[in-house]
Amino acid sequence: MADKVLVFGDIGVDDITALLYGYLNDDIDIVGVVTDYGNIPRENALRTVGYLRTKIATEEAQKVAIIAGAENP
């Protein structure tokens with residue numbers, strides 16, 4: 001049974017690597033991604049996660065919820 005994970009991040013290169021690993025690992029079930037401010041604006045993080053989801057061709061990846069988190073501290 002895979003561990004269910006809700007990812008919070010500003011979706012920099014470290015978060016992208018973690019998402020790719022999670023999407024492709026059978027032991028991890030990413031149930032959602034919450035994007036928020038950080039190294040890039042929230043809107044860029046949302047766009048990046050949406051793009052990643054289109055490039056991962058698994059049915060499970062297409063079901064992952066993308067949630068806009070905080071825009072400011």
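This section describes the surroundings of Asp10, a nonpolar surface patch and the salt bridges in a predicted model.

Asp10 is situated in the loop that connects strand 1 (3-9) with helix 1 (13-24). The residue is buried, yet no salt bridge is formed by Asp10. The nearest side chain of opposite charge belongs to Arg42, at a distance of 13 Å; because a salt bridge requires a side-chain nitrogen within 4 Å of a carboxyl oxygen, this pair does not qualify. Backbone nitrogens are instead found beside the Asp10 side chain. That of Asn39 lies 2.9 Å from one of its polar atoms, and the backbone nitrogen of Gly12 is placed 3.4 Å from a polar atom of the Asp10 side chain. When residues up to four places away in sequence are set aside, Asp10 is in contact with Asp15, Asp36, Tyr37, Gly38, Asn39, Ile40 and Ala45. Asn39 thus appears both among these contacts and as the owner of a backbone nitrogen 2.9 Å from a polar side-chain atom of Asp10.

Strand 1 also contains Phe8. The side chain of Phe8 belongs to a nonpolar patch on the surface, together with Leu6, Val31 and Ile67. The accessible area of these residues together is about 360 Å². Phe8 itself is exposed, its relative accessible area being 55%.

Side chains of opposite charge can pair when their charged atoms come close. In the model, the count of salt bridges comes to four. Among them is the pair formed by Lys63 and Glu59, with an N to O distance of 3.5 Å. Both partners are exposed: the relative accessible area is 61% for Lys63 and 56% for Glu59. Elsewhere, salt bridges with shared partners join Arg42, Glu43 and Glu71 into one network.

Within this network, Arg42 is paired with Glu43, the closest N and O atoms being 3.5 Å apart. Arg42 also meets the side chain of Glu71 in a salt bridge, at 3.3 Å from N to O. Since Glu71 lies in the segment after strand 3 (65-68) and Arg42 in helix 2 (residues 42-55), this pair ties together parts that are 29 residues apart in sequence. The network combines a buried residue with partly exposed ones. Arg42 is buried, with a relative accessible area of 17%, whereas Glu43 is partly exposed at 37%. Glu71 is likewise partly exposed, with a relative accessible area of 42%.

Note on methods:
Residues numbered from 1 in each chain as written. Predicted model: local features only at pLDDT ≥ 70, side-chain atom pairs only at ≥ 80, totals over all residues. Heavy atoms only, no water. Helix = DSSP H or I, 4+ residues; strand = E, 2+ residues; numbered from the N terminus. Buried < 20%, exposed > 50% of the residue type's maximum accessible area, 1.4 Å probe, protein only. Lys, Arg positive; Asp, Glu negative; His and termini not counted. Polar contact = N/O pair within 3.5 Å; in protein donor to acceptor, adjacent residues only side chain to side chain. Contact = heavy atoms within 4.5 Å. Patch = residues over 30% accessible without salt bridge, like charges linked within 9 Å, V, L, I, M, F, W, Y side chains within 5 Å. Areas by Shrake-Rupley, 256 points an atom, 1.4 Å probe, with all protein chains shown as cover.
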